[in-house]
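Me: I'd like a close look at one part of this model rather than a tour of everything. Could you pick the smaller sheet and walk me through what surrounds it?

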Amino acid sequence: MPGRRPWDQDGALPAARAALLEARGIVVLTGAGVSAESGVPTFREPGSGLWARYRPEELATPQAFARDSRLVWEWYDMRRQAVRACAPNPAHRALARLLLEREDVTLVTQNVDGLHQRALEDEADERAETNPKDARTRVLPLHGTLFRVKCSGCGRARDHAEPVDTTSLATLPRCSVCDDLERPDVVWFGEPLPAVTLERAFRAAGVAEICLVVGTSGQVHPAASVATVTLESGGRLIEVNPHPSALSPRAAWRLRGPAGEVLPRLIR
Ligand code: OAD
């Protein structure tokens, strides 16, 4: 059909756009792919994915931190610096507009890069939106964030965006209350997700008529169950991903293109 995008072979875009407009309640579930066009690496893609190049059990478990805190911090600080040099892309911006325009949208992200939050601040600034707070509280980072730390002893968390001196154990950040080492406030393998955030994500998924799934392989639970909860409550899925994922067979509409191209056209 003339005018159809190469990634929209089956012409799903107009129908998906209409479904999104008409939906009462939208939950968006994002994964690493939404940040790929910002230059942030994904996890499972052959060759370029982080888990193809690094071993998670050496870097992203409580045992790894107990064994070699300096090494773990070196890896996380490298990722923090890399992400700081990246900017939100048109996919993050389109989702930020959706959050600002509709109160019935909740964005659940598996990403720890803070790019959804930065896009929201940018969009709110551009609109001179004085109270984007409500939209901010509807961004749920299920796996934590690179720019907070929490004490490995007492669990006290705080914002922390400055570079970490990883030259020795003595230079790593420490808790001002109990003096234990602080660690990145991200969810590691074998750890539970933050209970309140997960509960809010499932509640939003349960009342949403549409779950918009963007850039995730759908292989990691409970995050991927956000989509299942919407399906089991009678809602439908729109998937945006250049490649098939574990959730593709259950999607009503599949848009097989990069998020930065598809989302600005899907969310008008
Ligand atoms: P994955 O690396 O598993 O999947 C990334 C997905 O993004 C793939 O399905 C790609 O096809 C897709 N993708 C790539 N480029 C894209 C683009 N430009 N637009 C849209 N999609 C694109 O990443 P996640 O599913 O996010 O957990 O991984 C889930 C969790 O596994 C992560 O949060 C992390 C990891 O272990 C923790 O660290 C706790």
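Reply: What follows starts at one sheet and works outwards to its surroundings.

First, a caveat: this is a predicted model. The sheet in question is an open one with three strands in the order E5-E4-E6, paired in the antiparallel sense. E5 and E6 are the edge strands, each with a single partner, so one side of each has no neighbour in the sheet. Neighbouring strands here are turned by 45 degrees against each other on average, ignoring direction.

Let's go strand by strand. E4 covers residues 144-151 and is mostly covered, with six of its eight residues buried. On one side E4 pairs with E6, residues 182-186, through four antiparallel bridges. Two of the matched positions are handy landmarks: glycine 144 stands opposite valine 186 in E6, and lysine 150 has arginine 183 as its bridge partner. Keep both of those E6 residues in mind, as they come back below.

E4 also pairs with E5, residues 157-159, again antiparallel, over three bridges. Here arginine 148 stands opposite aspartate 159. E4 and E5 form a hairpin with five residues between the strands, and glycine 155 takes a positive phi near 85 degrees there.

Now for what packs on this sheet. Helix H5, residues 69-84, touches E4 and E6, and its direction makes about 145 degrees with that of E4. 

H5 also leads into the aromatic part of the story. There are seven aromatic pairs in the model. One of them is phenylalanine 43 with tryptophan 51, a tilted pair at 5.4 Å centre to centre with 40 degrees between the planes. Phenylalanine 43 has a relative accessibility of 22%, so it counts as partly exposed; the cut-off for buried is under 20%.

The pair that matters for our sheet is tyrosine 76 with tryptophan 188: the ring centres are 6.1 Å apart and the planes are at 50 degrees, so this pair is tilted. Tyrosine 76 sits in helix H5 and tryptophan 188 in the loop between E6 and helix H9 (195-207), so to speak a link across 112 residues of chain. Both partners are well under the 20% cut-off for buried: tyrosine 76 has a relative accessible area of 3%, and tryptophan 188 has 3% as well.

Tyrosine 76 and tryptophan 188 belong to one aromatic cluster, which also takes in Phe43, Trp51, Tyr54, Phe65, Trp75 and Phe189. And here arginine 183 returns: its charged end sits over the ring of tryptophan 188, 3.7 Å from the ring centre. So far, then, arginine 183 has appeared as the bridge partner of lysine 150 and as the charge over the ring of tryptophan 188.

Valine 186 returns too. Val186 is included in a core of 22 residues, along with Leu50, Val83 and Val112 among others, and this core is separate from the largest one. In general, nonpolar side chains tend to be buried together in soluble globular proteins.

For context, here is the other core. The largest nonpolar core has 36 residues, and those with the most contacts inside it are Leu212, Leu255, Leu263 and Leu266. Helix H6, residues 90-101, gives this core its largest share, seven residues. Leucine 266 touches Leu212 and Leu255, and its other contacts include Leu13, Leu20, Ile238 and Val240.

The model also has an open sheet of six strands, in the order E3-E2-E1-E7-E8-E9, with parallel pairing. Its edge strands are E3 (139-141) and E9 (253-255), each pairing on one side only. The twist there averages 15 degrees from one strand to the next, whereas the average for the three-stranded sheet is 45 degrees. Within the six-stranded sheet, E1 (residues 26-30) and E2 run parallel and are joined by five bridges, with threonine 30 matched to threonine 109 in E2. Helix H7, residues 115-126, packs on that sheet and touches E1, E2 and E3.

To come back to your part: E4 lies between E5 and E6 in the sheet order, helix H5 packs on E4 and E6, and tyrosine 76 in H5 pairs with tryptophan 188 in the loop that follows E6.

Conventions: Residues numbered from 1 in each chain as written. Predicted model: local features only at pLDDT ≥ 70, side-chain atom pairs only at ≥ 80, totals over all residues. Heavy atoms only, no water. Buried < 20%, exposed > 50% of the residue type's maximum accessible area, 1.4 Å probe, protein only. Pairing = 2+ DSSP bridges. Axes fitted to C-alpha atoms, helices over the stretch in contact; angles between N-to-C directions. Contact = heavy atoms within 4.5 Å. Phe/Tyr/Trp six-rings, centres within 6.5 Å; stacked < 30°, edge-to-face > 60°. Lys NZ or Arg CZ within 6 Å of the ring centre and 35° of its normal. Core = buried A, V, L, I, M, F, W, Y, C linked by side-chain atoms within 4.5 Å. Lists of a residue's contacts leave out its neighbours within four places in sequence.
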